[in-house]
Amino acid sequence: MAFFGLFSKEKKETLDKGLEKSKESVLSKIGRAIAGKSSIDDEVLDNLEEALITSDVGVETTLRIVERVQERVKRDKYIGTDELNRLLVDEIAQLLQENNVEDVLDFEAPLPAKPYVVMVVGVNGVGKTTTIGKLAYQYKAAGKKVFLGAADTFRAAAVEQLCLWGERVGVPVIKQQQGSDPASVAFDTLQSAKANDADVVLIDTAGRLHNKINLMNELTKIKNVMQKVIPGAPHDVMLVLDGSTGQNAFEQARQFTAATQVTSLAITKLDGTAKGGVVIGISDQFKIPVRYIGLGEKMTDLQCFNRVEFVKSIIL
């Protein structure tokens, strides 16, 4: 079920190239798991379990995948090892679908609200501000009017970085001086966006995890202030995670989902790592849809997540 037309050849090439290291790593491990075997027996399943865990898929998700493969082998009676990769793609894609990971069709797709407000969270260094810049670019290219809010007021560099992205993309950035109340910036941003008939609002927030209570209070305050301007905002709380950190990304997801209600994920820096399996594990474990994946430096290297094509790029 490839969404070609929606998922173009060019996007598929970017995805394959961005996940090259992950694919090499996963395929070599699966290759070792089935070496010298013609059918999928208990030993192959044990080896497959080890291959997936060491590919950063995570223990719980790996056990679920292996159990599904085992059931499928029983049901379909005889399945040779040469069919294992195709079987894995089917079962992992199905698992992600059961976890409410719906594919995001594209940036051109109609948005559920106007303006559609996204509050972006994540620790410093994961590519949060860059992801906001790339999202702004993609939405603007799709003909949507975009506003950015620089509510990470604790780090001077964060406001400057967001302003640079605003200039590059050609979208307005609402900011205040360093140390201002982040909720006040969010309030101003939504007021401006509403007055100017914006389609999309992306709000950057401070990436600190040193004190969960402070983080929780700050994010709750920002949300409450937003709702005074636009009832129902933010429509999406997007957590940005650095895919290259593997198991560390799981821990960050744990911390942020405990601090605020995260509704989507963007997973960055997948092009420089062999840890692409982390996307499958995090999506499964936290039952939060992966919306976007970062596959390189270019503006167009941020892609809407397509579970079937993603799994194919890693395993086939």
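The following paragraphs lead the reader through a predicted model of a protein chain, from an internal cavity to salt bridges, unusual backbone geometry and the surface.

The interior offers a convenient starting point. Rolling a probe the size of a water molecule over the atoms shows where empty space is left. A search of the whole structure in this manner finds one cavity of 30 Å³ or more. The volume of this largest cavity is about 40 Å³. Its lining is formed by Val 26, Leu 52, Val 57, Ile 92, Gly 277, Ile 280, Ile 314 and Ile 315. Of these lining residues, seven are nonpolar, one is polar and none is charged. The polar member is Gly 277, because glycine is counted among the polar residues in this classification.

One of the lining residues, Val 57, also serves as a reference point for distance across the model. Asn 214 and Val 57 are separated by 157 residues in sequence, and their C-alpha atoms lie 31 Å apart in space. Asn 214 itself belongs to helix 9, a helix that spans residues 212-229. With a relative accessibility of 38%, Asn 214 counts as partly exposed.

Charged side chains form another theme, for the structure holds 23 salt bridges. One of them joins Asp 41 to Lys 37, with 2.9 Å between the closest N and O atoms. Both partners are partly exposed: Asp 41 has a relative accessible area of 26%, and for Lys 37 the value is also 26%.

Another salt bridge brings together the side chains of Lys 114 and Asp 199, at 2.6 Å from N to O. This pair links distant parts of the chain, its members being 85 residues apart. Lys 114 is placed in the loop between helix 5 (84-98) and strand 1 (116-121), whereas Asp 199 is placed in the loop between helix 8 (182-195) and strand 4 (200-205). Asp 199 counts as buried because its relative accessibility is 18%, and the limit for that class is under 20%.

A further bridge is formed by the side chains of Arg 291 and Asp 236, with an N to O distance of 2.9 Å. Here too the pair links distant parts of the chain: Arg 291 lies in strand 7 (residues 290-294) and Asp 236 in strand 5 (residues 236-242), 55 residues apart. The two partners fall into separate accessibility classes. Arg 291 counts as partly exposed at 22% relative accessibility, whereas Asp 236, with a relative accessible area of 2%, is buried. Elsewhere, salt bridges that share partners join Arg 68, Arg 72, Arg 75, Asp 76, Asp 90 and Glu 91 into one network.

The backbone deserves attention as well. Lys 114, already met as a salt-bridge partner of Asp 199, precedes a cis peptide bond: the bond from Lys 114 to Pro 115 has omega near -10°. Pro 115 is found in the loop between helix 5 and strand 1. Another cis peptide bond runs from Ala 233 to Pro 234, with omega near -5°. Pro 234 lies in the loop between helix 9 and strand 5, and strand 5 is the element that contains Asp 236.

Positive phi angles appear at two residues that are not glycines. Asp 197 has a phi of about 60°, and Lys 287 has a phi of about 55°. Asp 197 is placed in the loop between helix 8 and strand 4, the loop that also holds Asp 199. At 49% relative accessibility, Asp 197 counts as partly exposed. Lys 287 is found in the loop between helix 11 (278-286) and strand 7, and strand 7 is where Arg 291 is located. Lys 287 is likewise partly exposed, its relative accessible area being 41%.

The tour ends at the surface. Which residues make a nonpolar surface patch of about 220 Å²? The patch is made by Ile 53, Val 59 and Leu 63. Val 59 belongs to helix 4, which covers residues 59-75. Its relative accessibility is 47%, so Val 59 counts as partly exposed.

Methods
Residues are numbered from 1 along each chain as its sequence is written. This is a predicted model: local features need pLDDT of at least 70, side-chain atom pairs count only at pLDDT 80 or more; totals for chains, interfaces and linings use all residues. Side-chain values use heavy atoms; hydrogens and water are left out. Patches are made of residues with over 30% relative accessible area and no salt bridge: like charges are joined within 9 Å, nonpolar side chains (Val, Leu, Ile, Met, Phe, Trp, Tyr) within 5 Å. Accessible areas come from the Shrake-Rupley method with a 1.4 Å probe; for residues, only the protein chains shown count as cover. A salt bridge is a side-chain nitrogen of Lys or Arg within 4 Å of a carboxyl oxygen of Asp or Glu. Helices (H or I, at least four residues) and strands (E, at least two) are DSSP runs, numbered from the N terminus. Buried means under 20% relative accessible area, exposed over 50%, partly exposed in between (1.4 Å probe, protein chains only). On a 1 Å grid over the protein atoms alone, a cavity is a set of points where a 1.4 Å probe fits but cannot get out, and a pocket is an open set with protein on both sides within 12 Å along at least five of seven lines; lining residues have an atom within 4 Å of a point. Grid points are joined across faces, edges and corners, and a volume is the space filled by probe spheres set on the points.
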